[in-house]
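Got your viewer open? Let's take a short walk through this structure, one selection at a time.

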Amino acid sequence: MSRGVLDSKQLGHIRHFDNLSRQASNDWSFMGGKGVSQDDFGGYRFQLSYMVYALALAHRHRLPAAPGLFQPTMQRLIGKLLEPEVWLYWRDVSRGGSVYNAHLADKMSEEFDPVVRDNIMYSAYVQSTALMHDYLFASDRYAQPGSLTFRHWSFFWGGEERKFEYDRETLNDHLYWQLVRNGYIGVACEPNCIFQICNQPAILGFRLHDLITGGSRAEEVVAGYEQAWSEFGRLDDSGHYNMLVTEDSKTVFDNAGMAWADAWCGALMNMWNREFVHSHYPQQVQDFLAVGPQGTLFVPSRPIREVMGQEVVSDTCDFGWVAAWASEMGDTATLNGLLGHADTFMEPTVLRGGLYYPRNDTLHDQSGNRTEIEPMSGNVLLGYARLNVPDGLWKLYNEPWERSHFDAPALTVVGRDVEVSQAEVVDGALITRLRKIGNGADRMVTFGRILGRGRWKLTCRGDELARVDGMSLTSATERLHANGTDLVMEIVGDEAETFVWEPQS
């Protein structure tokens, strides 16, 4: 069965992710939110990681025969995730002194290594995105020693270079043993705070590692996690997810009516706990939605909180997280209502072919319609929601690709100036829908895993363009040529065209 063709908005989100991935090192244009020092939920680490997740879902469920479109972008985003500006916040946060760990501050010290203790809100994203890449592309890129290295040196302070070398294996093992030492309840984000949400990406990482290696660590972790949290209860008395438990006193904090806390947790936990998550979703989500004009829906902005006499200035990302949650739940009505609101009131913008919703700190318009949106939602989560499918993470987690997928014909290289709206194998035929975008010169695609694998015929609009017999290519167009074991074609049409490689008996 065909997966269909991506629409212009879905294509725009993929393009925006690619544009952000290509920004120069330490260029965080369009990504700065209200929070300071990468402390809040709109930080670079979250934007980068969920762009990788969104691309992974799009590849897995919508364009499975286009690894060449997704792999380079994911590599660039993971590279950015390792940049010092993303993780140097841990030097300060590791010392404690926050609302939840002020009483422990005199027992803590500055820590530069961003994954050695606690900080699962960063380490699990490095772990899971690296493993996501290697699983989706049958790669050992991040299995190489030192492939996940954190390094920083400043001319002005700090002395010698800090350099911490890991790879997918050593980091995965390190997080696993932290979890085991904590009795499976989880690993802390900031010191003393074990969030349900932040441990879900680590579980995803363990599952991806199992899919690569044939292990069963995720099954063990989930069983231990379930047992550990049974002592505290996953939900509070109102039926919403408990947000965190403190490591020392085992005090449980509920989500205090914050939409992001339920939405983020539910969207991720669904991958291994689907029945539970789905059963509580309808009641939970209704507590956060407001109805706008013409069937639109929005999540009202929360008033600014005060803690210790100070205003908390941060990005909650609740609108985007509820959209991502609805997409995972298959709640089309809610998802369409939220996306419709964003398209009406949040200034959808196309820049260099990429679609995003620019930051707006104004809470609402004169009619009370929410206009506030932060970069995490506007850059990432609304695109994630559009590209996901019902139970998208669950299917990624529970329905792995067969080994034959990695041997099937595919677009293995895609030029930057080529748009791919369809790429799938149906009944053995590779079906791709391609279009040239812009005036750039990088408009070549590579049809891989065809040459030297039997007899094939290439057609477009019913016309035969080429035939392959083993290693022999007969082409009726100068746009297609053989390059080693690959078939390379120039895409020249401004209108999308469907190219079909059909196996011949």
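**First stop: a glutamine and its partner**

Select Q200 and W272: their side chains are joined by a polar contact of 2.8 Å. Keep in mind as you look around that this is a predicted model. Q200 belongs to helix α8, which covers residues 196–213. Is Q200 buried or exposed? Its relative accessibility is 0%, so Q200 counts as buried. To see what surrounds Q200, add Y225, L268, M269 and M271 to W272; Q200 touches each of these, leaving aside residues up to four places away in sequence.

**Second stop: helix α13**

Now pick residues 332–345, which make up helix α13. At 1.5 Å a residue, these 14 residues should span 20 Å, and the end C-alpha atoms are indeed 20 Å apart. Colour the buried residues of α13, among them L335, L338, L339 and F345. What do the buried residues of α13 pack against? Show α11 (274–286), β7 (297–298), α12 (318–329) and α14 (375–387) to find out, since those are the elements they pack against. After α13 comes E347, with a positive phi near 50 degrees.

**Third stop: an open sheet**

Finally, bring up the open sheet of 4 strands, ordered β12-β15-β20-β19 with antiparallel pairing. The edges are β12 (410–414) and β19 (480–483); each has a single partner strand, so one side of each has no neighbour in the sheet. On average, neighbouring strands here are turned by 30 degrees against each other, direction ignored. Zoom in on β15 (residues 444–448) and β20 (residues 486–490), antiparallel strands joined by 4 bridges. Look for M444, which sits opposite E490 in β20.

Notes. Residues are numbered from 1 along each chain as its sequence is written. This is a predicted model: local features need pLDDT of at least 70, side-chain atom pairs count only at pLDDT 80 or more; totals for chains, interfaces and linings use all residues. Side-chain values use heavy atoms; hydrogens and water are left out. Two strands pair if DSSP finds at least two bridges between them. Helices (H or I, at least four residues) and strands (E, at least two) are DSSP runs, numbered from the N terminus. Axes are lines fitted to C-alpha atoms, for helices over the stretch in contact, and angles run from 0 to 180 degrees between N-to-C directions. Buried means under 20% relative accessible area, exposed over 50%, partly exposed in between (1.4 Å probe, protein chains only). A polar contact is a pair of N or O atoms within 3.5 Å; within protein, one must be able to donate a hydrogen and the other to accept it, and residues adjacent in sequence count only if both atoms are side-chain atoms. Contact means heavy atoms within 4.5 Å. The expected span of a helix is 1.5 Å times one less than its number of residues.
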